[in-house]
Amino acid sequence: MKLRRVVVTGLGALTPIGNNVEEYWNGLVNGVSGAAPITYFDTTNFKTKFACEVKNFNVEDFIDRKEARKMDKYAQYALVATDEAVKDANFDFDALDKDRAGVIWGSGIGGLETFQEEVINWAKGPGVPKFNPFFIPKMIADIAGGHISIKYGLRGPNFTTVSACASSTNALIDAFNYIRLGHADVMVTGGSEAAVTIAGMGGFNAMHALSTRNDDPKTASRPMDKDREGFVLGEGAGALILEEYDHAVARGAKIYCEIGGGGMSADAHHITAPHPEGLGARNVMINCLRDAGLKPEDVDGVNMHGTSTPLGDIAESKAIMEVFGEHAYTLNLNSTKSMTGHLLGAAGAIETIASILSIKYGIVPPTINHFTDDENIDPKLNFTFNKAQKRDMKVVMSNTFGFGGHNACVLVKKLEL
């Protein structure tokens, strides 16, 4: 069968460096760090006392207070980002076939804060199981997609992908495939996460995954830098409207780019550590290129997973060298996590948005906080260190890798009529 073309017609973002797409993009190109001391709880006894929180956010500016109380923060974030994306896509909902419009969302954890609060409240009580009746509907990882479909009346495919930090990239690839295989015409996709909580920070600290650079939070996320020592936890959401090309053209939609392909793989190596030679990372990029029908030399840039962990950055850099060979030296590589921190299940969504906007504006956001080269990483690779670079970007890949060895890669490209 002939596969249908899929384009992006709407974007929405709620991030630690901007509460909408415009603010987010301005933060990226200007190299703004979203890291700061945590404001949500007392961090006195925590190893890490900072994170990339969403700032100046009042949910009641977007969602009725009574309804917001029925949602975990991760679902609130999802609805806010989706609202921006839907408005950006400018649908006539009366004309939209809602049976062929769906939602595939991603979240690595879901309602962690809700779970934490309910368990703490029970533990403080007399042992009688008195739980909030909204406990389960607030906590479960699929509920954000449910809220989105209910709000807009979308009756097409609806589910949530969970693959740790690869979750929203997997969601995007699934949404892409549902459209190009003819199962839907329009899909809302993306991801959200709200894990800057006592349990989230404590858990990641216990496994020594987080930076503990409490004296200088803004420079703590240092992808590819010799002195990197862990990632910075972030939160927020990214939403994208995917649409079948002819459907978008017929309604006169603004088109950002085309989704060229998606790849997936597994490290099959370790529950948290990457394959030391980047085997899964190499395979996922090869699979993505194959799916898109493109050659390595067709690619202009890669938004790396680049979490600022000692092992992960080396493994991904090795994988890029294996996939692209000499062409790797002509690529613009970057890690926007140096600014946003790591949004876990929402990372793929906001990083795909960054990749799309680099095509639209011809600017590659920087990898900030680079001070010292790592002798284990090829210094000839262009990681777009510290300052944005202008470049005509036609094809960009975005990598996301999750605990458990889950790898996902999506390729976006400039629309060719």
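# A tour starting at helix H10

Select helix H10 (279-292); its buried residues (under 20% relative accessible area, 1.4 Å probe, protein chains only) are Gly280, Ala281, Val284, Met285, Cys288, Leu289 and Ala292. The model is predicted: local features need pLDDT of at least 70, side-chain atom pairs count only at pLDDT 80 or more, and totals for chains, interfaces and linings use all residues. Residues are numbered from 1 along each chain as its sequence is written, and side-chain values use heavy atoms, with hydrogens and water left out.

Helices (H or I, at least four residues) and strands (E, at least two) are DSSP runs, numbered from the N terminus. An α-helix has 3.6 residues a turn, so residues three or four places apart point the same way.

**Around H10**

Now show what covers the buried residues of H10, using contact (heavy atoms within 4.5 Å) as the test. The cover includes strand E8 (257-266), helix H11 (310-324), E13 and strand E14 (406-413).

How far apart are the end C-alpha atoms of H10? They are 20 Å apart, which agrees with the 20 Å that its 14 residues should span at 1.5 Å a residue. The expected span is 1.5 Å times one less than the number of residues. Just after H10, select glycine 293, which has a positive phi, near 70 degrees.

**Two asparagines**

Most residues other than glycine have a negative phi, and most peptide bonds are trans. Select asparagine 90, where phi is positive, near 60 degrees. Asparagine 90 sits in the loop between helix H3 (73-89) and strand E4 (101-106). Its relative accessibility is 60%, so asparagine 90 counts as exposed (over 50%).

Go on to asparagine 369, in the loop between strand E11 (363-364) and E12. Phi is positive here too, near 65 degrees. Is asparagine 369 buried or exposed? At 8% relative accessibility, asparagine 369 counts as buried.

**Two helices that cross**

Two packed helices are described by the angle between their axes and the distance between the axes. Show H7 and helix H13 (residues 347-361), whose axes come within 5 Å and cross at roughly 65 degrees. The axes are lines fitted to C-alpha atoms, for helices over the stretch in contact, and angles run from 0 to 180 degrees between N-to-C directions. H7 and H13 are therefore roughly perpendicular to each other (65 to 115 degrees).

Which residues make the contact? Select Ser168, Thr169 and Leu172 on H7, then Ala347, Gly348, Ala349 and Thr352 on H13. These residues divide into three nonpolar, four polar and no charged. In this sorting, Ala, Val, Leu, Ile, Met, Phe, Trp, Tyr, Cys and Pro count as nonpolar, Asp, Glu, Lys and Arg as charged, and the others, Gly among them, as polar.

**Salt bridges**

A salt bridge is a side-chain nitrogen of Lys or Arg within 4 Å of a carboxyl oxygen of Asp or Glu. By this rule the model has 22 salt bridges.

Select arginine 4 and aspartate 185, a salt bridge whose closest N and O atoms are 3.2 Å apart. The pair links distant parts of the chain, 181 residues apart: arginine 4 is in the segment before strand E1 (6-14), and aspartate 185 is in the loop between helix H7 (167-180) and strand E6 (186-193). Arginine 4 is partly exposed (from 20% to 50%) at 25% relative accessibility, while aspartate 185 is buried at 13%.

Next, select arginine 391 and aspartate 300, where the closest N and O atoms of the salt bridge are 3.6 Å apart. Arginine 391 lies in the loop between strand E12 (389-390) and strand E13 (395-402), and aspartate 300 in the loop between H10 and strand E9 (301-303), so the pair ties together parts 91 residues apart in sequence. Arginine 391 counts as partly exposed at 22% relative accessibility, and aspartate 300 is buried at 14%. Then add Arg100 to Arg4 and Asp185: salt bridges that share partners join these residues into one network.

**Last stop: leucine 333**

Select leucine 333 in strand E10 (residues 332-334). Leucine 333 is buried, with a relative accessible area of 0%. Leaving aside neighbours within four places in sequence, leucine 333 is in contact with Val302, Met304, Ile320, Thr367, Leu381, Asn382, Phe383 and Thr384. Finally, pick isoleucine 353, 20 residues from leucine 333 along the chain; their C-alpha atoms are separated by 15 Å.

Methods
Angles under 35 degrees count as roughly parallel, over 145 as roughly antiparallel, 65 to 115 as roughly perpendicular and the rest as oblique.
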